[in-house]
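Visitor: I am new to this structure and would like a close look at a single part of it. Could you take me slowly through one run of strands and then show me what lies around it?

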Amino acid sequence: MRRPQRECLHEALVAGHDLLARGAHAMEGVEAAIRLMEQSGLFNAGAGARRQLDGVARLDASIMEGGALTAGAVASLEGILHPITAARLVALETGHVLLVGPYATRFARHFKLKRLPQTGRLSRRKAELISALGLKNATLFRAMTRERVRLRERHGRETVGAVALDRAGTVAAGASTGGIDIMLPGRVGDTPLIGCGVYADNRAGAVSMTGWGESIVRIAAAKGIVAALADGRSPNMAARVILGAVERRVCGAAGALIVTPNGHMAIRHTTPHMSAGYWSGRGAPVVRDRFR
């Protein structure tokens with residue numbers, strides 16, 4: 001983890017906790033922490049989001065709280081710096097859970113959310129990959145599979161997420177992403193899918209996921225961890241069971257942030273690295289890039 005990322009994570013922890021200490025709702029703490037990471041340009045979200053094969057950054061985000069199970073999400077959002085705020089507006093201002101595509105973008109613009117700066121031209125590498133779309137599907141799949149293996153060996157530009165517990169005992173989870181390398185236009189991963197990328201329930205806990213989205217979706221990982229918590233498993237054991245299933249059943253790799261209504265927490269991952277941190281308000285925030 002680079003020093004600017006470490007400092008950004010530290011700042012996000014402090015910002016989210018300060019809100020909660022003043023009596024803010026758990027969703028507000030989650031949103032504040034994620035907004036800082038989106039605007040930093042240091043992670044694969046907001047200003048730092050990867051672009052799809054046509055050169056367009058399409059952003060996804062979701063947020064959920066565990067009291068009334070209020071949830072909101074956006075997918076394939078274009079040109080908006082803070083998708084997590086758009087997701088929270090979906091939760092609070094509509095009767096829906098998920099908005100996608102151009103109308104999600106129009107929704108965000110209606111609320112005058114800050115725009116992303118205009119993106120530049122495609123890199124030569126991405127232009128070459130676009131031309132590969134004319135090849136047979138099998139050839140394209142093999143090219144994408146090779147890149148996916150390399151992706152698992154890298155770290156540093158990750159999906160961002162947060163979980164929080166407020167003073168009233170409500171838990172919340174959120175996540176925001178620009179996707180993965182070599183995305184077909186229109187690709188959507190786990191992040192905006194409630195039960196896959198995030199889930200929160202005051203009866204058990206809140207979970208935010210990161211990793212290879214397709215594998216997380218196939219296992220419905222966030223809901224699976226919350227269900228394991230509801231069955232009495234500890235946060236560490238719940239994460240171990242579900243992350244193990246992601247690895248064994250679909251050869252995936254993922255990480256999870258977990259907090260329970262009684263204040264227990266866990267950070268676990270099967271990826272080589274996962275830049276993350278935690279803070280209860282005592283001592284100094286803990287930030288590192290490996291948790292086991």
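Guide: What follows is a walk along neighbouring strands, then into the largest pocket, and last to a loop and a helix elsewhere in the chain.

Please keep in mind throughout that this is a predicted model. We can begin with strand E6, which covers residues 198-201. Val 198 and Ala 200 point one way from this strand, while Tyr 199 and Asp 201 point the other way, and all of them are buried. From E6 the chain passes through a hairpin of 3 residues into E7, the strand made of residues 205-211. E6 and E7 pair in the antiparallel sense, with 4 bridges between them, and in this pairing Ala 200 stands opposite Ala 206 of E7.

E7 also pairs with E8, again in the antiparallel sense, over 6 bridges, and here Thr 210 is the residue that stands opposite Gly 255 in E8. E8 itself is mostly covered, since 6 of its 6 residues are buried. Ala 254, Ala 256 and Ile 258 point to one side of E8, and Gly 255, Leu 257 and Val 259 point to the other, so that buried residues are found in both directions. Going on from E8, we come to E9, which runs antiparallel to E8 and is joined to it by 5 bridges; the bridge partner of Ala 256 in E9 is Arg 268. The hairpin of E8 and E9 has 5 residues between the strands, and within that hairpin Gly 263 takes a positive phi near 90 degrees.

These strands lead us to the largest pocket, whose volume is about 920 Å³. It is lined by 40 residues, and the closest to its centre are Leu 13, Val 163, Gly 277, Tyr 278 and Trp 279. Among the elements that give two or more residues to this lining are E7, E8 and E9, along with helix H1 (3-21), helix H2 (26-40), strand E4 (160-165) and strand E10 (276-278). The most is given by H1, with 7 residues. By kind, the lining residues divide into 25 nonpolar, 11 polar and 4 charged.

If we now step back along the chain from E6, we find Pro 192 in the loop between strand E5 (171-177) and E6. Pro 192 is buried, with a relative accessible area of 2%. Asp 60 is 132 residues away from Pro 192 in sequence, yet the two are 5.6 Å apart in space, taken from C-alpha to C-alpha. Leaving aside neighbours within four places in sequence, Pro 192 is in contact with Asp 60, Ala 61, Ser 62, Ala 73, Val 74, Ala 75 and Leu 98.

The last stop is helix H4, residues 101-110, in which Gly 101, Ala 104, Thr 105, Phe 107 and Ala 108 are buried. They lie on the same side of H4 because they cover an arc of only 155 degrees around the axis. The face turned away from that buried side carries the exposed residues Pro 102, Tyr 103, Arg 106 and His 110. The buried residues of H4 pack against strand E2 (71-78), helix H3 (83-93) and strand E3 (98-100). After H4 comes Lys 112, whose phi is positive, near 60 degrees.

Technical notes. Residues numbered from 1 in each chain as written. Predicted model: local features only at pLDDT ≥ 70, side-chain atom pairs only at ≥ 80, totals over all residues. Heavy atoms only, no water. Buried < 20%, exposed > 50% of the residue type's maximum accessible area, 1.4 Å probe, protein only. Pairing = 2+ DSSP bridges. 1 Å grid on protein atoms, 1.4 Å probe; cavity = no way out; pocket = protein on both sides within 12 Å on 5 of 7 lines; lining within 4 Å. Points joined across faces, edges and corners; volume = space filled by probe spheres on them. Nonpolar A, V, L, I, M, F, W, Y, C, P; charged D, E, K, R; others polar. Arc of directions from axis to C-beta. Contact = heavy atoms within 4.5 Å.
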